[in-house]
Amino acid sequence: MGLYVETRIRADLDELWARTQDPARHQRWDLRFTEIDPLPRAEGEPQRFRYATRVLPFLTVAGTGVSAGEKERPDGTRTSALRFASPDPLSPLAEGSGYWRYVPDTDGVRFLTGYDYRPRWGAFGALADRLLFRPLMGWATAWSFDRLRLWLERGITPERALVNWLAELAVRATVLTLCCVGLDPAAFVLAFGPLAPAVAFLCPLLLLLAISLALFKEPLSCTPAARRCLRTPPMRVCAPRLLRTLETP
């Protein structure tokens, strides 16, 4: 699998399973999907679904997928696998597959995913995927996993977590903007007037401190952050056998 994300969630395994397997709840926390609509199926068949992702405010791409899960395994873990495809020529992802694993331990559940996909648009699409889409997909997956963790551990709804993240992002952007204004001599003198010489003595250190905090400070505990997730597998991993039973939709 090309992309890997792992987090540890201090929550009940059944509740984690429910919030990830129920499409209505899944689409609330997963940034990669705007809509997930299950399709009718016969008893015992894999679940087929339609999905849509809002790429831009005015652009939504859609596709179909098929998923299956193993809720009872001899080792106590659970597994879910899926394949997806999008015929939309505007979608940068043509088709792909992936899995979720749920590994209970003494401190909760290790929740991890591995997935990969084939980009669209030939050589240009491959380059754009390497430079932009793949890093963005990895970040969005990790950010979503941490949003799910906050929902389960602290009761912070996905909607509230998004507001927290946007608010903190706005504060950081404001600090950086003010720092840029402080680097403009004319604006600096206008802002501080006769105190400008005294403030200028401390200004370089204060600006450096402010910029460092805005860029590198650990996000607040109520704000989802991709950096809290493991992005490299601790050991060699392979896709579950369940994935081989699914046909590309």
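Where is Ser86 found? Ser86 sits in the loop between β5 (78-85) and β6 (93-105), where helices (H or I, at least four residues) and strands (E, at least two) are DSSP runs, numbered from the N terminus. Before selecting it, note that this is a predicted model, in which local features need pLDDT of at least 70 and side-chain atom pairs count only at pLDDT 80 or more, while totals for chains, interfaces and linings use all residues. Residues are numbered from 1 along each chain as its sequence is written, and side-chain values use heavy atoms, with hydrogens and water left out.

**The whole chain**

Begin with the full view, colored by secondary structure, in which the chain has 6 helices and 7 strands. Read along the sequence, these elements follow the pattern β-α-α-β-β-β-β-β-β-α-α-α-α. Of the 249 residues in the chain, 39% are buried, where buried means under 20% relative accessible area, exposed over 50%, and partly exposed in between (1.4 Å probe, protein chains only).

**Ser86 and its loop**

Now select Ser86 together with Ala62. Ser86 counts as buried because its relative accessibility is 3%, and its side chain reaches the backbone oxygen of Ala62 at 2.6 Å. This is a polar contact, that is, a pair of N or O atoms within 3.5 Å; within protein, one must be able to donate a hydrogen and the other to accept it, and residues adjacent in sequence count only if both atoms are side-chain atoms.

**The start of helix α1**

Move next to helix α1 (residues 13-21), in which Leu13, Leu16, Trp17, Arg19 and Thr20 are buried. Asp12 caps the N-terminal end of α1, with a side-chain oxygen 3.0 Å from the backbone nitrogen of Asp14.

**Charged pairs**

Side chains of opposite charge can pair when their charged atoms come close. A salt bridge is a side-chain nitrogen of Lys or Arg within 4 Å of a carboxyl oxygen of Asp or Glu, and by this rule the count comes to 19 salt bridges.

Select Arg25 and Asp22, which form one of these salt bridges, with their closest N and O atoms 3.2 Å apart. Arg25 is partly exposed because its relative accessible area is 29%, and Asp22 is also partly exposed, at 27% relative accessibility. Then select Arg73 and Glu70, whose side chains meet in a salt bridge at 2.6 Å, N to O. Arg73 counts as partly exposed with a relative accessible area of 29%, and Glu70 counts as partly exposed at 28%.

**Along helix α3**

Which helix holds both Asp146 and Arg149? Both lie in helix α3, 3 residues apart, about one turn of the helix, and their side chains meet in a salt bridge at 2.7 Å, N to O. Asp146 is buried, with a relative accessible area of 0%, and Arg149 is buried too, with a relative accessible area of 14%. Salt bridges that share partners join Asp146, Arg149, Glu153, Glu218 and Arg228 into one network, so it is worth showing these residues together.

Staying in helix α3 (residues 122-154), select Arg147. Arg147 is buried yet has no salt bridge, and the nearest side chain of opposite charge, Glu159, is 6.4 Å away; for this purpose Lys and Arg count as positive and Asp and Glu as negative, while His and the chain ends are not counted. The side chain of Arg147 does reach the backbone oxygen of Pro158, at 2.9 Å.

Step back to Trp121, in the loop between β7 (108-119) and α3. Its phi is near 75 degrees, a positive value in a residue other than glycine, and Trp121 is partly exposed, with a relative accessible area of 34%.

**A nonpolar patch**

Turn to the surface and select Val55, Leu56 and Phe58, which form a nonpolar patch with about 330 Å² of accessible area together. Patches are made of residues with over 30% relative accessible area and no salt bridge, with like charges joined within 9 Å and nonpolar side chains (Val, Leu, Ile, Met, Phe, Trp, Tyr) within 5 Å. Accessible areas come from the Shrake-Rupley method with a 1.4 Å probe, and for residues only the protein chains shown count as cover. Leu56 lies in strand β3 (residues 47-56) and is partly exposed, with a relative accessible area of 39%.

**Cysteines**

Finally, select Cys222, which counts as partly exposed at 24% relative accessibility, and Cys229, which counts as buried at 8%. A disulfide is a pair of cysteine sulfur atoms within 2.5 Å, and by this rule the count comes to 0 disulfides.
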